[in-house]
Amino acid sequence: MGLLRLSVLFLFFSISRGEISSQVGINYGQLGDNLPSPKQSVTLIQSLGAKRVKIYDANPDILNALKDTNLQVSIMVPNQLLTNISTNQKLADSWVESNVVPFYPKTKIRYLLVGNEVISSSPKETWYSIVPAMRKLKNSLKTHSLNKIKVGTSMAMDVLESSFPPSNGTFRSDIAGPIVKPMLQFLSRTKSFYFLDVYPYFPWSSEPKNINLDYALFESRTITYTDPVSNLTYTNMFDQMVDSVVFAMKKLGYPDVRIWIAETGWPNAGDIDQIGANIYNAATYNRNAIKKLTAKPAIGTPARPGWVLPSFIFALYNENQKPGPGTERHFGLLYPNGSNVYGIDLSGETPDSDFEPLPKPDNNEPYKGKIWCVAARGVNASELGSALSYACSQGNKTCDPIQPGKECFKPDSLVWHASYAFSSYWSQLKQTGATCYFNGLATQTAKDPSFGHCKFPSVTL
């Protein structure tokens with residue numbers, strides 16, 4: 001009788017944990033003006049060994065291209081629609097009828113994410129719309145008997161007030177009660193997932209002297225960290241980050257809501273001042289992450305040993321129109337022409353020894369020296385003129401030296417003036433978060449563009 005009861009309990013545990021597979025998917029972003037067509041992209045996704053794909057909207061061309069492919073699909077409601085949907089069931093119904101019903105079931109839509117990192121990227125008034133919008137969209141799916149589709153929303157790590165040690169993981173006080181707790185209640189009731197974006201690159205690159213690179217890349221064999229409260233021992237940064245969310249959920253009374261890794265990855269390149277963004281580290285991180293996430297039996301994390309962590313790697317392509325620092329445009333497994341940035345197999349079946357050797361990293365130590373911000377080659381003159389005007393309107397006398405008769409006026413060219421303005425703007429405002437980007441019109445250089453009596457301002461690291 002005891003054995004039978006044990007078998008029944010094991011079966012229940014297997015069903016509750018095992019209804020989701022450990023297969024790794026890919027995030028298919030579209031912020032590029034040089035990307036392959038949806039049909040070509042789907043073929044490339046399959047060639048990478050992906051079994052799932054997540055898109056950041058409900059693009060009909062992509063959803064049509066995914067028909068009859070057997071790829072599980074996650075679609076997304078844009079952040080800007082949440083407020084209206086949260087108070088209007090008819091609008092929720094209309095969205096589902098337009099963006100889900102025409103494609104299902106030939107396109108295997110399985111997940112509907114209500115916004116993307118809303119807490120991190122949208123106005124505060126939108127935050128309170130997340131859960132009501134989730135409820136209304138779930139109702140709409142039920143109305144159309146689309147019960148296989150789970151509803152969730154993606155969260156970045158900045159929703160935590162504390163994440164170290166992991167046992168101290170706590171949601172921010174401004175969102176824990178009004179937003180996160182009702183969201184966890186919804187996810188628990190509907191047997192959905194907490195969709196989490198996890199990037200060990202960012203804490204490591206912020207504190208490379210305090211966090212070992214091998215620990216961040218799943219490469220550590222000797223470095224461990226033992227949580228002084230839970231006594232759990234960690235061998236990598238990823239597990240620490242995930243478990244801090246596990247403990248945060250537990251504090252709100254939801255210890256068993258499953259986690260889905262909505263995004264994880266490592267940049268394959270970046271700006272001069274961005275440490276560790278290179279092909280070697282990106283390949284190492286993603287290959288090791290895939291080994292961990294596809295392992296059978298499932299490894300889980302120290303706080304949840306044996307739990308499956310379904311996941312999406314970020315991202316399919318290097319996307320040249322993503323704003324922000326250079327790393328943002330270099331998370332892809334593929335270049336826009338469809339070729340591999342490095343060898344990768346999302347199924348986890350290809351041994352590392354089968355891949356081509358990786359280029360040795362050359363920026364794993366912080367850059368030391370001066371950097372300038374100049375106009376990129378071949379950019380649109382009209383857009384460059386607008387960016388020049390913007391840069392000159394910021395900071396303290398940013399563009400005085402390029403006024404007629406001043407030391408940097410000549411040569412009197414748009415590119416020259418814009419380069420000076422970008423360098424001046426960036427050198428003054430980098431400490432407040434300014435980047436050398438200007439909507440893709442600027443780029444960093446370690447070569448001093450100064451000429452004659454004109455000395456360009458620089459950033460010194």
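**Strand 1 and its place in the barrel**

I would like to begin with strand 1, helix 2 (residues 38-47) and strand 2, which together make a right-handed β-α-β unit, and I should say at once that we are looking at a predicted model.

Within that unit, strand 1 and strand 2, the latter covering residues 52-55, pair in the parallel sense over three bridges, and there the bridge partner of Asn27 is Lys54. Strand 1 also pairs with strand 14 (residues 311-314), again in the parallel sense, over four bridges, and in that pairing Asn27 stands opposite Phe314.

Is strand 1 buried or exposed? Five of the five residues of strand 1, which spans residues 24-28, are buried, under 20% relative accessible area, so the strand is largely enclosed by the rest of the structure. In a regular strand the side chains alternate between the two faces of the sheet; here Val24, Ile26 and Tyr28 point one way, while Gly25 and Asn27 point the other way, and all are buried.

Stepping back to the whole sheet, eight strands close into a barrel in the order 1-2-3-4-5-8-11-14, with parallel pairing. Neighbouring strands of this sheet are turned by 30 degrees against each other on average, if direction is ignored.

On the other side of strand 14 in that order comes strand 11, made of residues 258-264, which pairs with strand 14 in the parallel sense over two bridges, and Ile261 stands opposite Ser311 of strand 14. Finally, helix 12 (residues 237-251) lies across strand 8 (193-197) and strand 11, and runs at about 140 degrees to strand 11.

Definitions and conventions
Residues are numbered from 1 along each chain as its sequence is written. This is a predicted model: local features need pLDDT of at least 70, side-chain atom pairs count only at pLDDT 80 or more; totals for chains, interfaces and linings use all residues. Side-chain values use heavy atoms; hydrogens and water are left out. Buried means under 20% relative accessible area, exposed over 50%, partly exposed in between (1.4 Å probe, protein chains only). Two strands pair if DSSP finds at least two bridges between them. A crossover is right-handed if, with the strands pointing away from the viewer, the path from the first strand over the helix to the second runs clockwise. Axes are lines fitted to C-alpha atoms, for helices over the stretch in contact, and angles run from 0 to 180 degrees between N-to-C directions. Contact means heavy atoms within 4.5 Å.
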